[in-house]
Amino acid sequence: MVATYVIPYTTAIIFWLIIIFSKKHITKMEMYTTSFFALYFELFANLILDIKYDLYGYFDKGVSFRTIPIVILIFPAVSILYLNFYPYNKSSLKKFLYIMICTIIGVFFEWVFLQGYFFYHNGWKLWYSFVSYPLIFYILTLNLRITRKLKRKGS
């Protein structure tokens, strides 16, 4: 199916174009470290939720080399976009609303990927993602804080 590849690759290209042409609020080093953390976090979560418990997956059950290019493009892009536009110096309410908006967008894209057969659920429900994404986004924010703290200390 063409949509299986068109939707995720088009999404990745659009996300990277936004990153390239938008004003940067995080440094290149922060983008770099965020990208690797996002890929590690995605791999860790998928080892447990996909491989061990078979709750969801990409294309077919098990490891699929077809997913590697898409995952390498999408997860760092989403993380960079999220952190680049995060309202760092705003109120807790604005931060919460930002995380919830990103969560809604994330669940929407997950639904789109399900429709295109790039992604499948096998016991996983979209509402699980709606509950999980705020925690994931918060962890990305904490990772950036740690990166900045280590950079300030010269570690």
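## A guided tour, starting at Tyr56

Select Tyr56: this residue is buried, with a relative accessible area of 7% (buried means under 20%, exposed over 50%, and partly exposed in between, with a 1.4 Å probe and protein chains only). You are looking at a predicted model, in which local features need pLDDT of at least 70 and side-chain atom pairs count only at pLDDT 80 or more, while totals for chains, interfaces and linings use all residues. Residues are numbered from 1 along each chain as its sequence is written, and side-chain values use heavy atoms, leaving out hydrogens and water.

**Stop 1: an aromatic pair.** Keep Tyr56 and add Phe119, which is buried as well at 11% relative accessibility. The structure holds 22 aromatic pairs (rings of Phe, Tyr and Trp, the last by its six-membered ring, with centres within 6.5 Å; planes under 30 degrees apart are stacked, over 60 edge-to-face, and the rest tilted). Here the ring centres of Tyr56 and Phe119 are 5.3 Å apart and the planes meet at 35°, so this pair is tilted. Tyr56 belongs to strand 1 (residues 56–58) and Phe119 to strand 2 (residues 119–121), so the pair ties together parts 63 residues apart in sequence (strands are DSSP runs of E, at least two residues, and helices runs of H or I, at least four, numbered from the N terminus).

**Stop 2: a salt bridge.** Which residue forms a salt bridge with Arg148? Select Glu30: its closest contact with Arg148 puts N and O atoms 2.7 Å apart (the rule asks for a side-chain nitrogen of Lys or Arg within 4 Å of a carboxyl oxygen of Asp or Glu). Glu30 sits in helix 2 (residues 28–52) and Arg148 in helix 5 (residues 126–153), so they tie together parts 118 residues apart in sequence. Glu30 is buried at 6%, whereas Arg148 is partly exposed at 23%.

**Stop 3: charges over rings.** Stay on Arg148 and add Tyr88: the arginine lies over the ring face, 4.8 Å from the ring centre (NZ of Lys or CZ of Arg must be within 6 Å of the centre and within 35 degrees of the ring normal). Next, show Lys52, whose charged end sits over the ring of Tyr53, 5.5 Å from its centre.

**Stop 4: a nonpolar patch.** Tyr53 also helps make a nonpolar surface patch of about 1200 Å², along with residues including Tyr40, Phe44, Phe65 and Ile72 (members have over 30% relative accessible area and no salt bridge, with nonpolar side chains joined within 5 Å). Helix 2 gives the most, with six residues. Finish on Phe65, in the loop between strand 1 and helix 3; this residue is exposed at 66%.

Technical notes
Patch = residues over 30% accessible without salt bridge, like charges linked within 9 Å, V, L, I, M, F, W, Y side chains within 5 Å. Areas by Shrake-Rupley, 256 points an atom, 1.4 Å probe, with all protein chains shown as cover.
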